[in-house]
Each structure stands twice: as structure tokens, then as C-alpha cells.
Amino acid sequence: MMSQHLKYMARALQLAARGLFTTDPNPRVGCILVLDDKVVGEGYHQRAGEAHAEINALKVAGKNAAGADCYVTLEPCNHTGRTPPCVDALIAAGIRRVFVAMEDPNPVVSGSGIEHLRSAGITVETGMLAEEAKLLNIGFCKRMSLGRPYVRCKLAMSLDGRTAMDSGESQWITGAAARLDVQKLRAASSAILTGVGTVLADDPALTVRPEEGGWYPDGQVIRQPLRVVVDSQQRTPLNAQLFSHTGAVLIASTQADHNYPKAETLVLPSSNGQVDLSALMVHLAQTGINELLVEAGAVLNGSLLRAGLIDELIIYMAPKLMGDAARGLLHLPGLETMKQNIDLDIMDIRSVGQDWRILVKPVTSATA
């Protein structure tokens, strides 16, 4: 019987993953209803402000929900936000048992939804495929438990660890498949972070472009992530590409004397003349940023890593050699002995077209 429970919860996780690009800042949640070993209802949360997964599944099941088992990837809510509590709908529908993959890390919900269901006489079991459920919402979990977003740093390098020629030329190190993979990373992110140096050198748009490869799910509304520029002296030009595309832009600075008509300016404390990156992370979390993708240069990447603010690095390695004069991956001054090395755990290596994608995590990273 356990294998059947796992099968149903795995299906609920598949449904939850359909919201990968759309639910932000809410978590990705899937739900199925099973009666007499037959799925009678399926649903997933699609967008913030719209019906939760449980409600969508109940609508499909109709009267067949009475006496059914519910498999849901995140604890049903027990409070009124933009939508009514899901626990009340499950109770009213006559659900018999609820299997919850993981408790909600949101302090407003945590444990109360499960307790409410149990007090209504519904059997609740938790923990089934919990790690998989947490991985699907790793940013939401970190924001709720630690008050910071989950930070991914995307890097592209040659086989000899170089990111640009000495002249600054860097397009393109990696192939089309790797660049398409980055588009999916952007779409799944709440925000993209870069530095003013990258803006001045490359003038990136940092947008999600689903027309490149036709990978974006049909019928889903494109959600452009927030673009954030770390710019202590406000050197971002007003004609930068960032301002020519839809989607919000935030300039994180240490001064407030510049008027950016197409962006919000955030004044943060100065740390040695630079934007306090820890304070920036706290601010982003407070505004609902779950997953932050860093697409920056060696200096900002190195500063974030030294500050312990990077949770994982996604490195695309191309089969190229760029030579000693080319620019390095991360600016990490002060590393002079082997004891000062920054240890990393390799989590995954796979081919993406002609390139390799390497996922590593700093050994000291705290995710939730």
C-alpha cells in the first residue's frame, strides 16, 4: 500500500511543478484526490491570488470528493489571505484522510492547518516525499525560515576557468542549449541580480524570452522577474536596455540623488563604500523574493561568495581554452594558502548541448 501512497504523492509533485514559472511569490503546490484507488480530482496552484491546489482538485472531483483521500505537497492553509482557508474546504467536502508531504514553513500556517484537520476528525499523515517537496520550494522555505532568498549564481566559463577575453569580449562562451537552459533559470526566479559593471560592459536586458526555443508552457502568462542592479554610485545609464523592456527594475544604491523614472531606487547602508549585500538580501526577502538568480561579474560574484550569501553556483563549462590573459571566474582576493580555499560540494554534473553544467554548493551554505 505504501507504494500506492508514494505514487499518488509523486503525481501531486508533478502537478506542483507545473507552477514552476508562475506561482511566485507563493509556493508551488499540487494536489490529487483519490477515491477507491481511483484519482477523482487533480489540481495545482497556478498564480498568487488564484485558487490553491486543493480547491482546484475539489472542483474537478465534485461530489466524488466525499470519502476521498487527499495527497497534497504542502500543508493546507488555515488562514484567510487572498483566498479562503483550504482546510475548511477539505472538511466541508468530506475528505477522509490527508497526506501532506511537508509542513508549511510560513509561521502563519506552520502546523495549524494540520491541527485543524485533525480536530475535525480527519486523519493526517506527514513526511511523504518531504525532501522532494522542499526542493521544489527551496526559495520559499528559505525566505520563510531564514528571512533571505535562495541565491543561485550562474556562471559561464571556458575549460581553463575564464569568463571573458582580456578585452571584455564574452559572447558567446557557451552554446545555444546552455543559453536556453539559462532562460529557464530566469523564468523560475523571482529576481535577477547583476552589478553596474556588467550593465556598463554588456548592457544586458536580463529578461525571460520564451520565443527562444519555444519552451514556455502554452497558455501561461509570462512573468518577468524583477531586475536588480547593485550600483553604489548610481552609474547605470538611463538608456540601459534594462529600462527598455517590460518588468520592474530596482537600483540598489548607497545614495538617493539620482532620478530613475523607470526604476525604483533602494538606498541601503554602505559597507566600505559598497552596497551592504546582506541588507539587500533581507530587503528582497521582505518584498517576497524567493529565488534570486545572480548574473554578474567576477567582483560581485566574489563579494557574494565571501559574504556567505550564495547557496549554489551553476557553472556552464564550454569546451574552449581562452588563455592566461582572459578574465577569471570569481574575484577572491586574499586566498594565499590551501587552508584558505573555499570548499564546494559537487551536487550534479550533466551535459547541456556541447557544454557541461556543474551544480556546486558552498560547504557552509545555510538554506533552511
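This text goes through a predicted model, taking a strand residue, a helix with its two ends, and an internal cavity in turn.

Strand β6 covers residues 150–158, and S158 belongs to this strand. The relative accessible area of S158 is 0%; since buried means under 20%, S158 counts as buried. The side chain of S158 makes a polar contact of 2.3 Å with the side chain of D160. Leaving aside residues up to four places away in sequence, S158 is in contact with I173, M317, A318, K320 and M322.

Helix α9 is made up of residues 277–286. Its buried residues include L277, L280 and M281 in the earlier part of the list, together with H283, L284 and A285. At the N-terminal end of α9, D276 acts as the cap, with a side-chain oxygen 3.1 Å from the backbone nitrogen of S278. On the other side, just after α9, G288 has a positive phi of about 95 degrees.

The last feature is the cavity. Searching the whole structure for cavities of 30 Å³ or more gives one, and the volume of the largest cavity is about 40 Å³. Its lining draws on T23, D24, N26, P27 and R28, on N137, G139 and F140, and on N290 and E291. By residue class, the lining of the largest cavity has five polar, three charged and two nonpolar residues. The charged ones are D24, R28 and E291, while P27 and F140 are the nonpolar ones.

Note on methods: Residues numbered from 1 in each chain as written. Predicted model: local features only at pLDDT ≥ 70, side-chain atom pairs only at ≥ 80, totals over all residues. Heavy atoms only, no water. Helix = DSSP H or I, 4+ residues; strand = E, 2+ residues; numbered from the N terminus. Buried < 20%, exposed > 50% of the residue type's maximum accessible area, 1.4 Å probe, protein only. Polar contact = N/O pair within 3.5 Å; in protein donor to acceptor, adjacent residues only side chain to side chain. Contact = heavy atoms within 4.5 Å. 1 Å grid on protein atoms, 1.4 Å probe; cavity = no way out; pocket = protein on both sides within 12 Å on 5 of 7 lines; lining within 4 Å. Points joined across faces, edges and corners; volume = space filled by probe spheres on them.
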